[in-house]
Amino acid sequence: MEYMTTIEASKKWNISSRRISKLCSEGRVEGAVLKGKTWLIPERNEKPRELKPGRKKKL
């Protein structure tokens, strides 16, 4: 399986690498793995859907 970093994903998804790191830490990026300080994201993944403003994810 091929992986990309948050920087590579930020170029592909057109959002900041910091936002991608946050999405990974929240568990919203399927298959993301933390290797040291770097998130590795499967290349087949698409950009996660954003929650509507003012709505919280129910746990």
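**Why these labels? A talk about salt bridges and strands**

Arg 28 forms a salt bridge with Glu 26, with 3.7 Å between the closest N and O atoms. This comes from a predicted model.

Visitor: What makes the contact of Arg 28 with Glu 26 a salt bridge?

Guide: The closest N and O atoms of Arg 28 and Glu 26 are 3.7 Å apart. The term asks for a side-chain nitrogen of Lys or Arg within 4 Å of a carboxyl oxygen of Asp or Glu, so the pair qualifies.

Visitor: Why is the contact between Lys 22 and Glu 26 called a salt bridge?

Guide: Their side chains meet at 3.9 Å, N to O. The cut-off is within 4 Å, so this pair qualifies too. The structure holds two salt bridges, and they link Lys 22, Glu 26 and Arg 28 in a network.

Visitor: Is Arg 28 buried or exposed, and how do you know?

Guide: Arg 28 has a relative accessibility of 17%. Buried means under 20%, so Arg 28 counts as buried.

Visitor: And why are Lys 22 and Glu 26 given another label?

Guide: Lys 22 is at 39% relative accessibility, and Glu 26 has 37%. Partly exposed covers what lies between under 20% and over 50%, so that label fits Lys 22 and Glu 26.

Visitor: What makes Met 1 exposed?

Guide: Met 1, in the segment before β1, has a relative accessible area of 66%. Exposed means over 50%, so Met 1 meets the term. Together with Tyr 3 and Val 33, Met 1 makes a nonpolar surface patch of about 310 Å².

Visitor: How do you know that β1 pairs with β3?

Guide: Two bridges join β1 (residues 3–4) to β3 (residues 38–42). Pairing needs at least two bridges, so these strands pair. One partnership to look for is Tyr 3 with Pro 42 in β3.

Visitor: What about β2 and β3?

Guide: Three bridges join β2 (residues 33–35) to β3, running antiparallel. With at least two required, they count as a pair as well. Leu 34 stands opposite Trp 39 in β3. Two residues lie between the strands of this hairpin, where Gly 36 takes a positive phi near 70°.

Visitor: Which strands are called edge strands, and why?

Guide: The open sheet has three strands in the order β1-β3-β2, with antiparallel pairing. β1 and β2 each pair on one side only, and they are the edge strands.

Key: Residues are numbered from 1 along each chain as its sequence is written. This is a predicted model: local features need pLDDT of at least 70, side-chain atom pairs count only at pLDDT 80 or more; totals for chains, interfaces and linings use all residues. Side-chain values use heavy atoms; hydrogens and water are left out. Helices (H or I, at least four residues) and strands (E, at least two) are DSSP runs, numbered from the N terminus. Patches are made of residues with over 30% relative accessible area and no salt bridge: like charges are joined within 9 Å, nonpolar side chains (Val, Leu, Ile, Met, Phe, Trp, Tyr) within 5 Å. Accessible areas come from the Shrake-Rupley method with a 1.4 Å probe; for residues, only the protein chains shown count as cover. Buried means under 20% relative accessible area, exposed over 50%, partly exposed in between (1.4 Å probe, protein chains only).
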